[in-house]
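Please read the report below alongside the sequence and the coordinates shown here. It begins with local backbone geometry and then turns to confidence, strands, a helix and the contact between chains.

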Amino acid sequence: MATLSLRGVSKRYPGGAEVLSAIDLEVFAGEFVVLVGPSGCGKSTLLRIVAGLVEASAGEVWIDGARVDDREPGERDVAMVFQNYALYPHMSVRRNLGFPLRNAGVSKAETEARVRRVAESLGLSELLDRKPAQLSGGQMQRVAVGRAIVREPKVFLFDEPLSNLDAQLREDLRSELKALHRRLGITTLYVTHDQAEAMTLGSRIVVLDGGEVLQSGAPLEVYARPSSRFVAGFIGAPAMNLLEGRAEGGVFRLGPLEIRGAPVSGPVILGIRPEEVVLEKDAGLELAIREVEALGNRTLLTCPIEGQSLRLTLPGGASSAVGTTISVAFRARDLHWFDASNGERLGVGRGDQSNF
Amino acid sequence: MAWKALVLATLAAAPVAGAVAQERVLHVMVEDALLVESWELLHGLTAEFEARHAAAGDPVRVEVLSLGGAAGTQDKVKFCLAGDLPLDLTRIDITELAAFVQEGALLDLQPYFAADEAWDPAAWFALCLAALRDGEGGLYGLPQTFTPYVMYVNESLLAREGVARPPDDWTWQDLEDICRRVTRDLDGDGRNDQFGISLTQWLQAVSPWLWQAGGELLAEDGQSSRLGEPEVIEALTFLHRLLHVEHLASDDGSFANQLKQGLFQAGRTAFYGPVGYWERFRFRDIEEFEWDVLPLPRHRRAATAVAMGCYVVPRTARHPDLAYAYLTEVVGSLRYQTCMGEIGNGLPGLIEAARSDAVRNPGVPPASIDVFFDVLADARFLPTLSNWRKIESLCQAELEGVLLSGDVAPADAAARMARKADAYLAQERARRGRGRLPGFVMQAALALSLLLLVGTLLLRRGPAPGRLGLREERAAGGFLCLWGIGFLHFLFGPAVVSLVLSFCEWSPLRPFGDLAWVGTENYGRLPGDATFVTSLRATTLYALLSVPLSLVLALGLALLLRAESSFASGVRTAVYLPAVLSPVIVAAVWRYLLDDEGLLNGALSGLGLGAPRWLKEPGLVLPAFVLMSLWAVGTQMLVFLAALKAIDPALEEAARLDGAGAWRRLVHVIVPQLTPVILFNLITGVIAAFQVFAQPYVMTQGGPGDSSRFLVLYLYESGFRHLDMGYASAIAWVLFALLGVLSLVLLRTSKRWVHDASRSYTS
């Protein structure tokens with residue numbers, strides 16, 4: 001088990017903008033860290049810098065106490081699973097799995113034995129003589145994982161490995177990956193833009209945007225106490241309601257909405273998760289329903305409020321019709337406050353006890 | 001409906017156009033004259049000719065066509081005759097006359113001469129007119145110009161070396177003595193740079209030596225050769241000794257070097273020859289030394305050769321009367337004849353023109369201009385034989401071994417020349433007297449094959465299409481019909497014709513359809529034809545060397561240049577550039593690069609690596625062509641580049657992460673992905689290599705010897721030089737079969753080594 005640490009890693013393309021600026025990141029031995037962020041946030045670049053496929057403009061990459069910036073990808077003892085699997089199309093599954101071992105000079109017999117073992121553990125034994133084009137998406141994914149684990153690397157890198165699969169398969173493989181990590185305990189850095197994947201897989205998630213780490217922490221901590229307006233909107237589905245209004249004397253106002261407890265005066269953003277909005281008769285905030293999305297296990301309502309909109313989730317059976325009005329209330333402990341100018345979290349709120 | 005209107009309009013216009021054309025059009029093929037003066041004169045005389053006819057109420061327009069460069073001189077006329085293009089009067093070389101006459105391709109002009117009161121045979125050199133007659137009183141044309149072969153001499157050099165100018169009756173021994181005295185190393189670098197003689201080497205220039213030794217090219221009856229006789233060997237041995245044993249002669253007088261500034265012009269050889277009158281024109285600007293001409297040295301007897309160009313009227317001429325008039329009034333006129341003499345094309349055949357001051361030009365060298373007239377007593381033409389060209393090319397290939405590369409013993413070369421010539425003569429005798437096929441055979445074959453084609457298409461038609469399918473079929477038919485016309489006319493038709501021809505004997509000088517059936521004889525001749533076997537071997541060797549090397553080089557370049565940078569794209573463009581050039585231009589450029597004193601040798605000798613004689617050594621000429629082919633790998637590189645770009649970059653990244661080094665990545669990841677385009681480049685490369693033509697045609701004409709006489713060049717020569725279209729067609733079909741089999745073998749074995757993404761889905 002090895003640690004992976006990035007120290008002040010930056011990437012700037014010639015003539016282009018800075019993709020990563022001075023990233024510091026520590027992945028502890030055996031940890032499963034998920035890098036999450038929207039497209040173009042630099043998460044894949046960061047992963048490729050670790051792999052050695054892209055060279056950082058500045059900063060250092062350390063694996064297991066050794067600086068590896070100057071090493072070829074093959075010399076870093078990392079393995080990577082690509083988004084499109086990158087299986088060698090002309091090689092059988094057996095040769096695909098054995099290729100890293102043959103490159104490392106492992107004997108034929110030894111290679112065969114290890115390929116068998118890995119294939120067995122991934123349920124690929126029947127497929128060893130097939131070519132990649134004869135495999136289904138899920139099978140290809142397993143071969144790609146098998147090729148990564150066959151030589152027992154110090155660090156696993158995953159670059160959106162599930163995004164080419166359909167929803168059901170994605171969920172199955174998600175839990176397989178999680179089980180695999182539990183079994184092997186290899187230090188893992190995993191890149192995704194899917195916050196659900198991030199929440200379920202990671203022992204820690206790192207939210208990246210604009211080439212900077214916005215927040216890093218255990219998934220539920222990040223969920224409970226987003227450090228910024230961006231993280232708040234990015235983690236959690238459906239996304240947190242972020243209402244822009246004005247506060248004066250501790251009272252936040254947005255049209256008919258009046259909330260006490262605002263930490264500052266002036267323009268401010270009030271955040272509340274849709275599932276934490278409660279229905280309460282005569283609570284004082286009457287809203288007309290503009291849209292109803294019945295998902296079966298729950299129902300999603302959208303209501304206009306002063307040109308913005310508020311979304312809330314109700315249990316599956318709730319019957320609501322477009323055009324009717326509902327009366328909602330917010331509990332103080334569910335409120336998040338963000339600075340309207342820079343989006344940073346303000347004052348107290350649930351999760352204040354968190355260390356992060 | 002627009003196209004229907006167009007077709008109708010075209011059909012309607014055709015007869016109208018025919019009716020309007022009342023003036024007669026005379027098609028005349030003339031030799032490219034080097035000077036503007038001769039063109040202006042010709043066009044002036046032509047205009048006068050037209051004006052005279054117009055005044056007489058017989059409007060005539062003369063189309064003056066040009067023969068093109070020296071190499072094509074003989075070929076273009078044959079193309080015109082074979083292709084049934086209009087041609088009323090043309091220049092041909094006297095060595096081809098017999099072939100034209102024997103095939104009945106020329107009109108006997110004797111009746112026209114006889115009816116012409118102004119005709120005076122005594123006005124022309126008797127020697128020249130005699131060559132234009134057949135044995136039965138026919139006279140086929142008039143000379144343009146002619147020249148005996150003489151020796152040019154640098155008098156200043158002789159004086160400087162204290163050697164007296166030899167007398168007109170000098171001998172081989174005198175020549176050798178003088179050569180020995182003047183051949184020296186002037187700049188002290190250990191190599192001779194002043195030679196006795198710059199020796200010319202084509203058959204017509206070599207023949208005088210054979211005759212002087214008492215030898216003959218052919219027996220008097222023309223039925224067998226005398227090339228293997230001791231006199232011939234003696235002459236060849238003498239020349240070989242001068243060139244390659246004693247190194248008293250320089251070989252810059254080979255045919256390929258003829259138009260370059262040679263050593264004589266540079267003042268570094270005492271003699272230059274045997275060569276004709278035309279060099280007088282080239283040497284007129286020499287101011288550094290005094291030069292003159294001498295008769296050729298004699299041995300057992302005095303002898304020299306005569307070259308001549310003449311104007312003849314094809315039997316297919318549409319206006320023979322006009323052609324005769326143009327022959328005597330324009331190209332045979334005193335003014336034009338004088339002009340051709342003045343500009344150095346040759347000596348005019350018209351005596352008055354040849355003796356005129358304008359031609360003799362007393363103020364201009366050579367002082368001894370009369371030598372050209374004096375040697376005529378001992379001068380003769382090359383044998384007039386219907387297939388002389390073929391024998392000439394057989395001999396030329398052997399002569400190059402003795403004179404150009406110098407590594408063939410004269411006796412061996414003579415024996416082989418004799419054997420090849422005899423075999424060819426015997427075979428030609430056997431061919432003669434074969435019955436001709438009825439004229440409709442070719443048309444019948446074409447019609448039959450067309451029926452077969454249509455029948456096959458109809459039989460292979462799938463199940464009846466539905467309503468939409470029918471509509472699409474009609475649309476497809478509409479789009480295909482234009483292409484179909486082109487296909488039938490330019491691909492299918494010629495293929496059928498050449499297949500039929502390959503079982504027949506046909507000369508392009510005969511009317512199309514005048515065929516003699518020979519069965520499989522043309523194919524049967526191939527294995528016994530030493531030239532064909534050599535040609536096949538040379539072509540195969542060339543393909544074996546050039547194809548794999550080009551593939552490796554193209555792949556290497558593509559790998560190096562696939563990066564996106566302005567430098568790489570600049571180099572890519574540079575590497576691709578040769579591919580957009582015409583092969584003829586490429587070949588011309590390489591002829592200069594590979595010249596003995598060309599750029600490549602300049603660089604090599606600068607590095608102290610010597611100066612190989614790329615195009616003159618039989619062992620080097622093939623590597624030289626391979627080198628050239630490597631220069632043109634741009635297209636293959638482009639295909640590789642496109643394929644490289646299509647490879648998912650993640651594959652290479654995965655391989656890097658999997659610890660594969662650059663070599664293992666190339667071998668195990670990149671190359672397997674490229675195998676489909678490797679197969680493509682391999683097959684197209686093999687086909688292109690077997691079809692190489694323009695380069696040897698321009699650069700070596702197949703030499704030295706037969707070492708660069710690649711298949712298609714030999715095919716072309718067989719058809720249009722040796723007038724053996726059936727044999728040429730047989731070669732074409734053998735080549736086709738060979739390429740077909742090769743492609744099939746490559747495709748079959750490819751299943752084992754080509755990664756085909758589409759196939760692995762289904763298997």
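Pro366(B) lies in the loop between helix 15 (357–360) and helix 16 (371–374) of chain B, where helices (H or I, at least four residues) and strands (E, at least two) are DSSP runs numbered from the N terminus. This is a predicted model, in which local features need pLDDT of at least 70 and side-chain atom pairs count only at pLDDT 80 or more, while totals for chains, interfaces and linings use all residues. Residues are numbered from 1 along each chain as its sequence is written, and chains are lettered from A and ligands numbered from 1 in the order in which they are written.

The peptide bond between Pro365(B) and Pro366(B) is cis, with omega about 5°. Another cis peptide bond links Gly273(B) to Pro274(B), with omega about -5°, and Pro274(B) belongs to strand 8 (residues 269–275) of chain B. Most residues other than glycine have a negative phi, and most peptide bonds are trans. The table gathers residues with a positive phi.

| Residue | Phi | Place |
|---|---|---|
| Ala22(A) | near 45° | strand 2 (residues 18–27) of chain A |
| Glu160(A) | about 45° | loop between strand 7 and helix 5 of chain A |
| His247(B) | near 55° | follows helix 10 of chain B |

A residue is buried if 20 or more other C-beta atoms, placed from the backbone, lie within 10 Å of its own, exposed if 12 or fewer, and partly exposed in between. Ala22(A) counts as partly exposed because it has 15 C-beta neighbours inside 10 Å, and Glu160(A) counts as partly exposed because it has 19.

Confidence in chain B is described by pLDDT, the predictor's confidence in each residue from 0 to 100. Chain B has a mean pLDDT of 87, with 94% of its residues reaching 70 or more. Within chain B the lowest confidence falls in helix 1 (residues 2–20), at a mean of 46, and the highest in strand 5 (residues 150–154), at 95. Residues 1–21 of chain B have a pLDDT below 50, and this stretch has 0 contacts in the model beyond near neighbours in sequence, a contact being two residues whose C-beta atoms, placed from the backbone, lie within 7 Å. For the complex, the predictor gives an ipTM of 0.87 and a pTM of 0.79.

In chain A, strand 7 (residues 155–159) is largely enclosed by the rest of the structure, because 5 of its 5 residues are buried. Val155(A), Leu157(A) and Asp159(A) cover one side of strand 7, and Phe156(A) and Phe158(A) the other. Strands pair if DSSP finds at least two bridges between them; strand 6 and strand 7 of chain A pair in the parallel sense over 4 bridges, with Phe156(A) as the bridge partner of Ala79(A). Strand 7 of chain A also runs parallel to strand 8 (residues 187–192) of chain A, joined by 5 bridges, and there Phe156(A) stands opposite Thr188(A). From strand 7 of chain A the chain passes through helix 5 (residues 167–184) to strand 8 in a right-handed β-α-β crossover.

Helix 10 (residues 230–245) of chain B spans only 20 Å between its end C-alpha atoms, whereas a straight helix of 16 residues would span 22 Å at 1.5 Å a residue. Its buried residues include Val232(B), Leu236(B) and Leu243(B).

The contact between the chains takes 21 residues from chain A and 18 residues from chain B. Strand 6 (78–81) and helix 2 (93–103) of chain A each supply at least two residues to the side of chain A that touches chain B.

Key. Right-handed = clockwise from strand over helix to strand, strands pointing away. Expected span 1.5 Å × (residues − 1).
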